[in-house]
Amino acid sequence: MVMSGIGVNWASSDGGIVTVDPAGLVTAVGNGATNVTATVQGGGASGGAAITVSQTVTALTVSPDQAAVDALETLQTDRTGSGRERKPGRRRGLLVALP
């Protein structure tokens, strides 16, 4: 049921897990459990929902995928993760060649 002309305040109990915009759109920003509530402005009715976010990485790419190094030298690599996460994460790694 659409309530015309009635304001609603939306809130997340943990903004590090989900954010809620003024229209009630919920966006996951981290893993965990939280609650989202809607309250009629001026008091009165309210309601809520428990939300659990469980983001996982479904792919990992290491660059370069091939390289030659001499014994005891190092090579700087990059890895990029992607999957059900807000945005891909880019991290630095270090590969050490052993004799």
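Strand 1 (residues 8-12) pairs with strand 4 (residues 32-40) in the antiparallel sense, and five bridges join the two. The model described here is predicted. Strand 4 also pairs with strand 5 (residues 46-53), again in the antiparallel sense, over eight bridges. The points below treat the strand pairing, the nonpolar core and the surface in turn.

**Strand pairing**

- Between strand 1 and strand 4, asparagine 9 has threonine 39 of strand 4 as its bridge partner.
- Between strand 4 and strand 5, alanine 33 has threonine 52 of strand 5 as its bridge partner.
- Strand 4 and strand 5 form a hairpin, with five residues between the two strands.
- In the turn of this hairpin, glycine 42 has a positive phi of about 90 degrees.
- In a regular strand, side chains alternate between the two faces of the sheet.

**Nonpolar core**

- The largest nonpolar core consists of five residues: Ile17, Val18, Val20, Val36 and Val53.
- Valine 36, one of these core residues, touches Val18 and Val20, which also belong to the core.
- Leaving aside residues up to four places away in sequence, the other contacts of valine 36 are Trp10, Ala11, Ser12, Val26, Gly47, Gly48, Ala49 and Ile51.

**Surface**

- Val57, Leu60 and Val62 form a nonpolar patch on the surface.
- Together, these three residues have about 280 Å² of accessible area.
- Valine 57 lies in strand 6, which spans residues 57-63.
- Valine 57 counts as exposed because its relative accessibility is 53%, and the cut-off for exposed is over 50%.

Definitions and conventions
Residues numbered from 1 in each chain as written. Predicted model: local features only at pLDDT ≥ 70, side-chain atom pairs only at ≥ 80, totals over all residues. Heavy atoms only, no water. Patch = residues over 30% accessible without salt bridge, like charges linked within 9 Å, V, L, I, M, F, W, Y side chains within 5 Å. Areas by Shrake-Rupley, 256 points an atom, 1.4 Å probe, with all protein chains shown as cover. Salt bridge = Lys/Arg side-chain N within 4 Å of Asp/Glu carboxyl O. Helix = DSSP H or I, 4+ residues; strand = E, 2+ residues; numbered from the N terminus. Buried < 20%, exposed > 50% of the residue type's maximum accessible area, 1.4 Å probe, protein only. Core = buried A, V, L, I, M, F, W, Y, C linked by side-chain atoms within 4.5 Å. Contact = heavy atoms within 4.5 Å. Pairing = 2+ DSSP bridges.
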